[in-house]
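User: I am new to this structure and would like to go through parts of it slowly. Could you take my questions in turn?

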Amino acid sequence: MNKIGLAIVGLALILTSCVNDEKNELNVGDWLGKIEVSESQQLPFEFTLSQNEDGGYEMKVFNAEEVITIDEFTFNGDSIDIRMPIFEGHISGTYTANEITGEFIEESKGRMVPFRATYGAQERFEAEKDAAVNISGIWETYFKVNTEDEYPAKGIFMQNGNEVKGTFRTNTGDYRYLEGVVTGDSMKLSAFDGSHVFLFLAQVTDSTLDGKFYSGQHSIQEFLGARNEAFELPDSNELTYLREGYDKFDFTFPNSEGQMIGLDDPMFQGKPVLIQIMGTWCTNCLDETRFYVDFIKNNPDLDLQFVGLAFEYAKTQEKAFEGIKRLKEREEVPYPILLAQYGTSNKQKANEKLPMLNHILSYPTTIYIDKTGEVRKIHTGFNGPATGDKFVEFKKEFNKVIKELTSEVPLTES
């Protein structure tokens with residue numbers, strides 16, 4: 001090949017390289033993502049993209065007061081993979097400067113839902129009409145209505161014009177930071193937290209809600225609500241308890257080094273122990289873990305031991321421990337998390353691992369054990385920051401119980 005030919009080839013390679021480099025650029029700024037939850041419904045959520053000095057991307061997802069930061073991006077040509085910061089879920093697909101198209105995938109759960117995001121400032125939901133009602137207040141709500149699995153929830157909402165923020169509390173936790181609108185007599189709320197894909201749609205009046213709750217594509221639940229400012233859920237401290245015939249709580253599960261750890265381990269002796277039944281896939285568990293981590297940081301001198309018992313979706317023990325390691329590193333969890341179960345989070349199977357409990361109703365559940373090994377309290381679920389006053393109430397109660405447990409002196413035998 002002559003010099004002119006080589007020059008042309010070289011120029012072509014340079015131009016191709018420039019095109020590829022240009023294709024690897026996503027527009028920074030505001031984006032709107034949409035996840036398909038049915039053939040006719042999509043869950044919208046807002047996020048921003050920015051770049052750091054090294055050229056890496058950072059994605060911030062917004063749900064009302066919650067901000068989730070995602071910083072693990074992988075590119076290959078026009079392919080993109082965005083991994084969630086704690087949970088195993090990831091967005092995988094193709095992209096241009098103004099669009100990302102693909103799926104949100106959770107392999108261990110066997111779930112994959114279509115995803116599309118477009119660049120530019122856009123409304124989460126379009127408010128086509130002025131709100132016909134104001135849903136601010138407390139709503140007595142029932143999900144899976146008219147089925148044997150019907151369960152109660154407490155709707156807590158604040159509306160300003162068309163805009164609505166709030167959540168539904170249940171006996172097992174809350175349905176995250178929900179954000180949306182009331183347009184005419186229709187309520188539309190959504191949240192995407194890197195694990196859960198929640199969309200709530202309802203027809204509303206001044207006193208009733210009649211709607212559907214989409215959790216990804218795997219669950220659609222009908223719900224009914226009625227305004228009731230006095231409504232309260234059952235006491236979370238009375239739902240789970242030791243079964244008759246048991247006077248102690250006990251466990252033996254492996255840590256990441258393969259060591260079997262139980263309550264007879266020296267780290268637990270002579271001190272109160274809080275046992276957190278949880279999963280790395282569970283957003284309410286993550287809220288609770290963050291609360292515990294902050295509490296430990298703010299009270300370093302308390303002679304108190306936490307331990308997590310993880311019930312994981314991951315199909316292999318190796319993958320399960322990878323998820324635990326990721327959680328511990330990302331959230332700086334100082335206490336041990338043992339692997340209680342992998343391959344499923346089925347609560348019936350979980351109960352077989354902990355037969356002294358009447359049931360495992362919720363992830364998370366925390367067992368409070370005093371210095372003598374006696375179970376003093378079992379708290380089902382976790383009312384996180386999205387629940388507002390209930391979270392404040394929980395913190396006050398928690399601090400009171402911990403103060404009592406850590407100040408008690410065990411009785412010595414005469």
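User: What covers the buried residues of α2?

Analyst: This is a predicted model, in which local features need pLDDT of at least 70 and side-chain atom pairs count only at pLDDT 80 or more, while totals for chains, interfaces and linings use all residues. Residues are numbered from 1 along each chain as its sequence is written, and side-chain values use heavy atoms, with hydrogens and water left out. Among the buried residues of α2 (buried meaning under 20% relative accessible area with a 1.4 Å probe, protein chains only) are L286, F291 and F295. The cover over the buried residues, with contact meaning heavy atoms within 4.5 Å, includes β13 (173-174), β21 (273-278), β22 (305-311), α3 (317-331), β24 (365-369) and α5 (389-407).

User: Which residues do ring pairs link into a cluster with F291?

Analyst: Rings of Phe, Tyr and Trp (its six-membered ring) pair if their centres lie within 6.5 Å, and a search of the whole structure finds 45 aromatic pairs. F291 itself is a buried residue of α2. Ring pairs link F291 into a cluster with Y292, F295, F306, Y335, Y368, F382, F391, F394 and F398.

User: How are the rings of F143 and F213 paired: stacked, tilted or edge-to-face?

Analyst: Planes under 30 degrees apart count as stacked, over 60 as edge-to-face and the rest as tilted. The ring centres of F143 and F213 are 5.8 Å apart and their planes stand at 80°, so the pair is edge-to-face.

How values were computed: Buried means under 20% relative accessible area, exposed over 50%, partly exposed in between (1.4 Å probe, protein chains only). Helices (H or I, at least four residues) and strands (E, at least two) are DSSP runs, numbered from the N terminus.
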